[in-house]
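Good morning, and thank you for making time for this short presentation. I should like to take the pockets, the cavity and a few individual residues in turn.

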Amino acid sequence: MTSEGFLHPPESRGKLPLLLLAGLTIGIWLCVQIQQGINTNIGCVTLGALRILSGERMAEGFYHPNTPLSYLIYLPPALLIRFLGIPLYYATFVYTVALTALSTAAAWRCLVVLGIDRNTRLVFIISYLVSGTLLPGHYFGDREHLIMLGLIPLSLVQIAITRGRKPGWTLTGPVVVFGTIAALVKPQFLVVPGLLALHRLAVWRNLRAFVAADSLLIAATTLFYLAIVLVFFQDFITLILPDMLTLYVSLFRDQSSLLGAFILGGIAVTID
């Protein structure tokens, strides 16, 4: 072997051990995770999805300060439970594993579109898999976990379009729709695609940044969801949403008062 070949080994030399290690780690995690107890939040929203399938209203069957999409996003495991008789935990586990696999594949494809070299893509994807499987622990499959699985590919697609790449509709469509749905589970997460849209405006220096294909699809998905809420979840708007606002405003006010007390105390100590 030449000195050049020794100093710059072939690109594929270290890949197989890394992939085997990643595969072994994920395999061990699967065996452990499938035996863990279900998170109560996941059980609550999945049971809510089952009650939606039974025709129950939010204000009567499962009153809770959650958005309708907090339940609707769990309709796939609810369908598995209702029509195939799969236990709740296994249904949510299979659902989350499938979403993790699809999200990882979408992220890989986005990185290819962005022109990221293969080794960097490999490191990113392995890190992404670890963060999406091992790190959530007891919260595997919880709403925040699903939101992450949607937002990461969505962010990569937005960045790719900002850089003038063309992901194609077979990638852009599913990624943007699911990413928007995931963000709408807790609408404050829409700040992520919103900031990326502002970044695009700064880069392009043109208002067409707001009428690019992905931006229009995000807007269309959001409006479609709002229409569903207006038509099928009127009790959420008239009964639950006001209580949610009252709850969160009071929490914010209490936390603000506590923070203000700490600041004033700090000022008093500094003056003394």
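**Pockets, a cavity and selected residues**

By class, eight nonpolar, four polar and three charged residues make up the lining of the largest pocket. Before I go further, please note that what you see is a predicted model.

The space in this largest pocket amounts to about 260 Å³. Its lining consists of 15 residues, and P65, T67, Q188, M244 and Y248 are the closest to the centre. Two elements give two or more residues to that lining, namely α9, spanning 143-162, and α13, spanning 234-271. Which of them provides the largest share of the lining? That is α13, with five residues.

I turn now to the second largest pocket, which holds about 180 Å³ of space. Its lining is formed by L99, L102, S103, A106, L149, G150, P153, P174, V175 and F178. At least two of the lining residues come from each of α7 (88-113), α9 and α10 (169-185). Here the largest share belongs to α7, which supplies four residues. What is the make-up of this lining by class? There are eight nonpolar and two polar residues, and no charged residues. Charged residues do appear in the lining of the largest pocket, where there are three.

The next topic is enclosed space. How many cavities of 30 Å³ or more does the structure hold? The search returns one, and the volume of the largest cavity is about 80 Å³. Thirteen is the number of residues in its lining, and Q33, I42, Y89, T92 and F140 lie nearest the centre. Once again α7 enters the account: it gives four residues to the cavity lining, the largest share. By class, this lining divides into five nonpolar and eight polar residues, with no charged ones.

Let me place these features in the chain. The secondary structure comprises 13 helices and zero strands, so to speak of elements here is to speak of helices. The chain has 272 residues, and 38% of them are buried. Considering contacts between residues at least 6 apart in sequence, 73% join residues that are at least 24 apart. The accessible surface is about 15500 Å², and carbon and sulfur atoms account for 71% of that area.

One loop residue deserves a word. P87 sits in the loop between α6 (75-84) and α7. Is P87 buried, partly exposed or exposed? Its relative accessible area is 46%, so P87 counts as partly exposed. From P87 to P77 there are 10 residues in sequence, and the C-alpha to C-alpha distance is 9.5 Å.

Finally, the cysteines. A disulfide is a covalent bond between the sulfur atoms of two cysteines. Across the whole structure, the search finds zero disulfides. Two cysteines can be described by their accessibility. C110 has a relative accessibility of 1% and is therefore buried. C44, at 34%, is classed as partly exposed.

To close, I return to α7. This helix gives the largest share of the lining of the second largest pocket, and likewise the largest share of the lining of the largest cavity. In the largest pocket, that place is taken by α13. Thank you for your attention.

Note on methods: Residues numbered from 1 in each chain as written. Predicted model: local features only at pLDDT ≥ 70, side-chain atom pairs only at ≥ 80, totals over all residues. Heavy atoms only, no water. 1 Å grid on protein atoms, 1.4 Å probe; cavity = no way out; pocket = protein on both sides within 12 Å on 5 of 7 lines; lining within 4 Å. Points joined across faces, edges and corners; volume = space filled by probe spheres on them. Nonpolar A, V, L, I, M, F, W, Y, C, P; charged D, E, K, R; others polar. Buried < 20%, exposed > 50% of the residue type's maximum accessible area, 1.4 Å probe, protein only. Contact = heavy atoms within 4.5 Å. Areas by Shrake-Rupley, 256 points an atom, 1.4 Å probe, with all protein chains shown as cover. Disulfide = S-S within 2.5 Å.
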